[in-house]
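Thanks for sharing this one with me. Here are my notes, set out as numbered points so that you can follow them with the model open beside you.

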Amino acid sequence: MADMGLVVVGAGGRMGQTLIRVIHEMEGVVLAGAVERQGSPALGRDAGELAGVGSLGVTITDDPLAAFSKADGVLDFTAPAASVEFAGYAAQARIAHVIGTTGFSADDEAKISAAARHATIVKSGNMSLGVNLLATLVKQAAKALGAADFDIEVLEMHHRHKVDAPSGTALLLGQAAAEGRGISLEDNSVRVRDGHTGAREAGTIGFATLRGGSVVGEHSVILAGAGERIVLSHNAEDRSIFARGAVKAALWARDKKPGVYSMLDVLGLN
Ligand SMILES: NC(=O)C1=CN([C@@H]2O[C@H](COP(=O)(O)OP(=O)(O)OC[C@H]3O[C@@H](n4cnc5c(N)ncnc54)[C@H](OP(=O)(O)O)[C@@H]3O)[C@@H](O)[C@H]2O)C=CC1
Ligand SMILES: O=C(O)C1=N[C@H](C(=O)O)C[C@H](O)C1
């Protein structure tokens with residue numbers, strides 16, 4: 001089979017540049033296009049030169065539809081409004097769309113599901129193998145250690161530039177814990193504590209957010225009981241773990257029917 005042609009949207013961003021480097025290194029894929037927003041200083045530059053791997057002959061453009069029409073898939077780590085728009089274009093072009101963007105509203109999620117009638121979408125708050133394996137362990141632990149005896153808290157830290165909270169990964173891990181407990185995360189999560197909060201309500205799942213410096217991504221799920229505590233953690237040291245996962249997802253999605261899939265599907269952990 002021919003190499004899969006991939007477009008990187010948000011090509012000038014932290015993940016965009018990492019994706020370009022990883023596509024250049026990996027077998028079975030080739031960079032077919034690179035897109036940035038209108039007015040970006042990256043427009044007109046060679047994507048490979050911007051990412052530090054030398055010229056790849058791919059010029060960064062602000063025309064996603066033209067780029068998608070010549071590709072087999074799109075890798076998207078941008079912003080919620082942009083990803084919703086790209087899902088519509090990927091559906092028109094009938095190509096795979098891998099979405100790593102986080103911070104979606106319920107309305108955004110509904111629009112992405114609508115686009116998935118025609119596009120094969122893989123979407124996850126974290127594309128790394130380690131975090132997705134951790135999610136399966138969290139689900140197991142939350143099921144085994146009941147709400148009467150163990151409180152669940154999710155703690156995360158990211159770099160100072162991150163704009164959404166809790167992180168997509170924290171919500172993914174919270175969702176795994178909720179599924180283990182057989183409860184709805186939406187109805188049982190505590191996202192903020194401030195002032196006289198009263199005692200902790202049994203069965204809730206708490207979230208705490210730290211931001212600072214250059215931290216790539218650190219997550220811990222704490223199961224706290226009387227006299228003991230279990231901590232399940234993942235520390236990301238390099239963004240290439242997310243990029244390699246995204247490329248793997250695109251290759252996996254190539255022959256799949258339209259729909260929304262997760263990294264658990266890609267990794268066979270579902
Ligand atoms: N699921 C996962 O495994 C991971 C998810 N993420 C998520 O990916 C997203 C991006 O993270 P990161 O790379 O650090 O962020 P950056 O801000 O570094 O990169 C985002 C890029 O997307 C560009 N962009 C925004 N809107 C558009 C648009 N309409 N068209 C084209 N390009 C656009 C931005 O341009 P400009 O700067 O001009 O706005 C920027 O270059 C975040 O939501 C983050 O949480 C990150 C790592 C892993
Ligand atoms: O913004 C980031 O950097 C990251 N975002 C994702 C998230 O919200 O969990 C994944 C990773 O932790 C890095």
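1. A word on terms before the ligands: a residue is near a molecule if one of its heavy atoms lies within 4 Å of it. Please also keep in mind that this is a predicted model. On that footing, ligand 1 has 21 residues around it, and those that come nearest are R14, M15, E36, R37 and T102.

2. Let me stay with ligand 1 for its polar contacts. The side chain of E36 has an N or O atom 2.6 Å from an oxygen atom of the ligand. M15 takes part through its backbone, where an N or O atom lies 2.8 Å from an oxygen atom of ligand 1. S124 also uses a backbone N or O atom, and here the partner is a nitrogen atom of ligand 1, 3.0 Å away.

3. Now for ligand 2. The residues around ligand 2 are T102, G125, N126, H158, H159, K162, S167, G168, T169, V216, H219 and F242. T102 is thus listed around ligand 2 and is also among the residues that come nearest to ligand 1.

4. Which side chains hold an N or O atom 2.6 Å or 2.8 Å from an oxygen atom of ligand 2? For H158 the distance is 2.6 Å, and for H159 it is 2.8 Å. K162 joins in as well, with a polar side-chain atom 2.8 Å from an oxygen atom of ligand 2.

5. Turning to helix packing, two packed helices are described by the angle between their axes and the distance between the axes. Helix 1 (residues 14-25) packs against helix 9 (residues 240-253) at an angle of about 60°, with the axes 9 Å apart. That angle makes helix 1 oblique to helix 9. Their crossing is right-handed. Helix 1 contributes M15, T18, L19, V22 and I23 to the contact, and helix 9 contributes S240, F242, A243, R244, A246 and V247. By class, this contact has eight nonpolar, two polar and one charged residues. Two of these names have come up before: M15 contacts ligand 1 through its backbone, and F242 is one of the residues around ligand 2.

6. The next pair is helix 4 (residues 80-93) and helix 5 (residues 106-115), whose axes come within 9 Å and cross at roughly 15°. Helix 4 is therefore roughly parallel to helix 5. The crossing is left-handed. On the helix 4 side the contact is made by P80, V84, A87, G88 and A91, and on the helix 5 side by D108, K111, I112 and A115. Sorted by class, there are six nonpolar, one polar and two charged residues in this contact.

7. Helix 6 (residues 129-144) and helix 7 (residues 168-181) have axes that come within 7 Å and cross at roughly 35°. Helix 6 passes helix 7 in a right-handed crossing. From helix 6, V131, L134, A135, V138, K139, A142 and K143 meet T169, L172, L173, A176, A177, E179, G180 and R181 of helix 7. The classes here are nine nonpolar, two polar and four charged residues. T169, part of this contact, is also among the residues around ligand 2.

8. Finally, two backbone details to look at. A165 and P166 are joined by a cis peptide bond, with omega about -10°; P166 is in the loop between strand 7 (151-158) and helix 7. R94 is not a glycine, yet it has a positive phi of about 55°. You will find R94 in the loop between helix 4 and strand 5 (96-99).

Methods: Residues are numbered from 1 along each chain as its sequence is written. Chains are lettered from A and ligands numbered from 1 in the order in which they are written. This is a predicted model: local features need pLDDT of at least 70, side-chain atom pairs count only at pLDDT 80 or more; totals for chains, interfaces and linings use all residues. Side-chain values use heavy atoms; hydrogens and water are left out. Axes are lines fitted to C-alpha atoms, for helices over the stretch in contact, and angles run from 0 to 180 degrees between N-to-C directions. Helices (H or I, at least four residues) and strands (E, at least two) are DSSP runs, numbered from the N terminus. Angles under 35 degrees count as roughly parallel, over 145 as roughly antiparallel, 65 to 115 as roughly perpendicular and the rest as oblique. A crossing is left-handed if the near helix is turned anticlockwise from the far one by less than a right angle, and right-handed if clockwise. Contact means heavy atoms within 4.5 Å. Ala, Val, Leu, Ile, Met, Phe, Trp, Tyr, Cys and Pro count as nonpolar, Asp, Glu, Lys and Arg as charged, and the others, Gly among them, as polar. A polar contact is a pair of N or O atoms within 3.5 Å; within protein, one must be able to donate a hydrogen and the other to accept it, and residues adjacent in sequence count only if both atoms are side-chain atoms.
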